[in-house]
Structures are given as structure tokens and as C-alpha cells.
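Dear colleague,

Please find below the structure that I am handing over to you. My findings follow directly after it.

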Amino acid sequence: MSRKKQQRRMFLTAFLAALGALLLLLAAWFLFFGGTKEEEVVAEEVETLAEEEETDPQTLVEAEEGAETAISTVKEIASETDEITVGIDVSGYQGTIDWEQVAASGVDFAMVRVGYRTLSGGEIAEDACARYNLQEAAANGIQLGAYFFSTAVTEEEAREEAEWTAELLAGYPITYPVAYNCEGFQNGSSRQAGLSVEERSDLAVVFLDEIEEQGYTGMFYAARNELADNLLWQTDELELRYRIWVAQYSSYTTEAPDYDGEYVMWQYTNMGSVPGIDGYVDLDIAYFGYSESAAAQDESAAEYVEADPEVGVDFEEVDEQVTAKDVTNLRSTMDQTDSSNIVAQLQNGEVATRTGKGNNGWSRLTYNGETLYAVSSYLTTDLSYTPVSEEEDDDGFKTKFTTVSEYVTAKDVTNLRNRPSVEDPSEVIVQLYNGEVIVRTGVSDVGWSRVEYNGQTLYCISSYLQVVEQE
């Protein structure tokens, strides 16, 4: 029997014992003093109440060995099953996701961040990939849940967040729960930093109550250490009202996290790898599933959206004329692994307008009235720049590199090779990890970089590198 069940049984036993003692005292008082007619009536009513307490079956309900459950879980959801399902939770930080690949990998559901309240001004903002992720995940057969990242400090703000979330979700088939998330509240820069445990918990209740009023299943997300022993949340109350989504990044097993409270979903890592997603993604286990997807509340509310090519990239806005150091591909997206996105080529001496310099080593250009992208190191503001000539190594291997001098690191981890090729006789000499800074001395228009590593001249794929600004 759980600790909570034992406490409730002890409370019920004590209550019934106290009630019995009270009835005996009242009966003795009436017998001793004889009582008035009115007092005799009261005594009869008390005796009747005592009889009802003994016969009313509702008085036995709490004493039965029933399983504890959240209010949300007893809602009738005809398609819900007890199947264990696997999922991911995503936001704009994952960039543009290839949902066809994600679906083929076996992912059952996706918890999509729809928005957040900003730290500085406290305004509600839509996640850059919210509608695209909802649209494409559903189109590829992945069932949808959602979450909102709150920094609400008043009940009015929490209710506003829930109403905004429900309005955005109305156009999509939301089958899994809609979760409340407000990580980072202990950070001094958080709007919620000064709130008490009770105040923050009350805000979560306001949000989730409103979400359920809007027809969705509410779920509360927090880390295991925040939830345990009611340390940073009124966990006992929350888990009896809503489903709990607990985060604990321990060694993954298919059983459960190291958490004694009630929960129905487990986020077990933030360093997951899933085909179709560049970089890491959160992975989740749900101890329930659905035999069919829910229908959208209002399909007309969801307009078709294209992927935003600038998701996850911070651009410094500029307005300057540039040319290619030699010849440079201008692409519709910032992806060198696919030639289908090449729209045009910028020749040396030909001029385009650069409108932004990204923190990922790409530039945004205006060319013939289109917004296109090119690798920044292939461009120059020196409109009289003369291209370098073709170089040949000792083995006669020819590659044309434009000379540069800049610090770079790996976006994640990348191979450094003895030749700018992935085919024999090219060999991997060493791997470069994110945070390890080296000097890039040249770039080629076929997607390779020349770098210096521990006194060696090596080569790697340019798109796997990012420029590091040195102070």
C-alpha cells in the first residue's frame, strides 16, 4: 500500500472513532439530563445519521484498495490504450525537421512546443516551427501532443497562455496531452524567480484547468528533483489533478525513472538521436497510447505553411554589396548536402546585396529579387577581389581553395581527412569535436574546407563546421 493510501486510511479510521465517541457522549448526556422534547428530536437525528454512516456504501469507498489516479486519467477517451509508446518533444531549436524520416524511425508521438512567454517583455510568442511541426508530423502519421513554455506571474497571464495555446491548436489533431512547462524559474533572470512554491503551483493549475475546459487533456512537466517530496511544486495536489510528465536523465531502461510519485510520461534524455533531426532531441516514453488520432477541433484554423529556412539561425542585419571570391552557389536553404536547392551561381565580379550574416557561417543575400543563401567565407565585400588559382598537391590531387583565415569548430563532431574526399585513398586522421577550435585556411566551392590541426593540413566538409568569433 502506498504512503498516501495509508495516510488516508488512518485519517478515516480516526474520523470514525471520533464520531463514535461523540455519539456516545451525546447519548449519555441525554440519558443523564432527560432532555427536552427538542433535544430528544436532535438525539434521534444523530442516531439516524450514525446508522447512515454504517450503511452508506460511499463510506467504504476510501477504505477499498483502489488505485490512485489523476482526474484527467478518468476522462473517457475511447481510443486510449495501455500500450507503451515512444516519442520526442521538439521546438524551433531542432530547426527544420524531416518528419518523413522521423516517422520511418518508429516514433509514435511528438510533443510540439507551440509557444512561450518572453523573459524580457513578458509577451506571448509563437515557436518558430510550431505550425510546421504540427502540420508535418500529423501528415506523416505521428500522433500529436503539445506544450507551452510559461513565465506567467499572474493568474490572468496563465489563463491567457492557455487560451492562446488552445486557439493555435484548434486546427490540428491533438491526441496526446497538452502540457504546462516553466523550467528555469530558479534562475534570477526568470520572471518567476520570486514566486513561492504555492504561487507557481497555482499558476500551473489555472493554465491546466483552462486547457481542459478547452477540451484537451492537461499534463504537468517538471524534473524529478523538483517534484520529489513536494520540494519545488505542490506535487501531491498536481498529480491528483493532472497527468505528470517527469524528466530524469539517468541511464535509460524501459521500466521507469527513479521517482516514487505518480507519472504517465518520462523524458529520459535530452541527447537523443533520431533520423531526420540534426543534432540532439529529447526522447520520451509514454505509458499509454491511442488506437486512433483525435480530430482537429477546427481544421479551417490551420493554414498550410512552408518550412522557415532561417529557423535556429541568428542573423546580424547588414546592407552591403558582395561578390564571390570565385564562383559560389546561391541556395534556397542553408544546406550543402542537397544540390536541388541551388537556385543560381554568383560569379566573381558579379554583385549581390547581403542583408544578413548568420551565426552559422551563412549569409542571406538578395539576388535577382530573390532571398537566397551562400556560405559567408565564399563571399567578399572587396568587389575587385581576384580569385586564387588551382592548387595541386604532391600526388597530383587537384582542388581549388579560396584562401581564408578564420577560427572554426565542429557543429557536433566531424572527421578531418588527409584529402578533400570521402572516397579512397582519403583517410580519416582525427575527429574534431564541438568546442575544439582550429584555423581554417581555405574553402572550396565543392563543399570542403582546408584546416590546420596540430601542425597538419587536413580537410573536412564545410557544412559540418561553424565559425568561432575570437575576442
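Why is helix α5 (residues 130-139) described as largely enclosed by the rest of the structure? In this predicted model, 7 of the 10 residues of the helix are buried, so α5 is largely enclosed by its surroundings in the structure. The buried positions are Ala130, the run from Tyr132 through Asn133, Leu134, Gln135 and Glu136, and Ala137. Just after the helix, Gly141 adopts a positive phi of about 85°.

As for the protein as a whole, the secondary structure comprises 9 helices and 27 strands. The protein has 471 residues, of which 43% count as buried. The surface that the protein exposes amounts to about 24,600 Å², and carbon and sulfur atoms supply 47% of that area. When contacts between residues at least 6 apart in sequence are considered, 64% of them join residues at least 24 apart.

I would also draw your attention to one pair of strands. Strand β16 (residues 362-367) and strand β17 (residues 370-375) run antiparallel and are joined by 6 bridges. One of the residue pairings links Thr366 to Thr371, its bridge partner in β17. The two strands, β16 and β17, form a hairpin with 2 residues between them. Within the turn, Asn368 has a positive phi of about 50°. A positive phi is thus reported at two of the places described here: at Gly141, just after α5, and at Asn368, in the turn of the hairpin.

With kind regards

Key. Residues are numbered from 1 along each chain as its sequence is written. This is a predicted model: local features need pLDDT of at least 70, side-chain atom pairs count only at pLDDT 80 or more; totals for chains, interfaces and linings use all residues. Side-chain values use heavy atoms; hydrogens and water are left out. Helices (H or I, at least four residues) and strands (E, at least two) are DSSP runs, numbered from the N terminus. Buried means under 20% relative accessible area, exposed over 50%, partly exposed in between (1.4 Å probe, protein chains only). Contact means heavy atoms within 4.5 Å. Accessible areas come from the Shrake-Rupley method with a 1.4 Å probe; for residues, only the protein chains shown count as cover. Two strands pair if DSSP finds at least two bridges between them.
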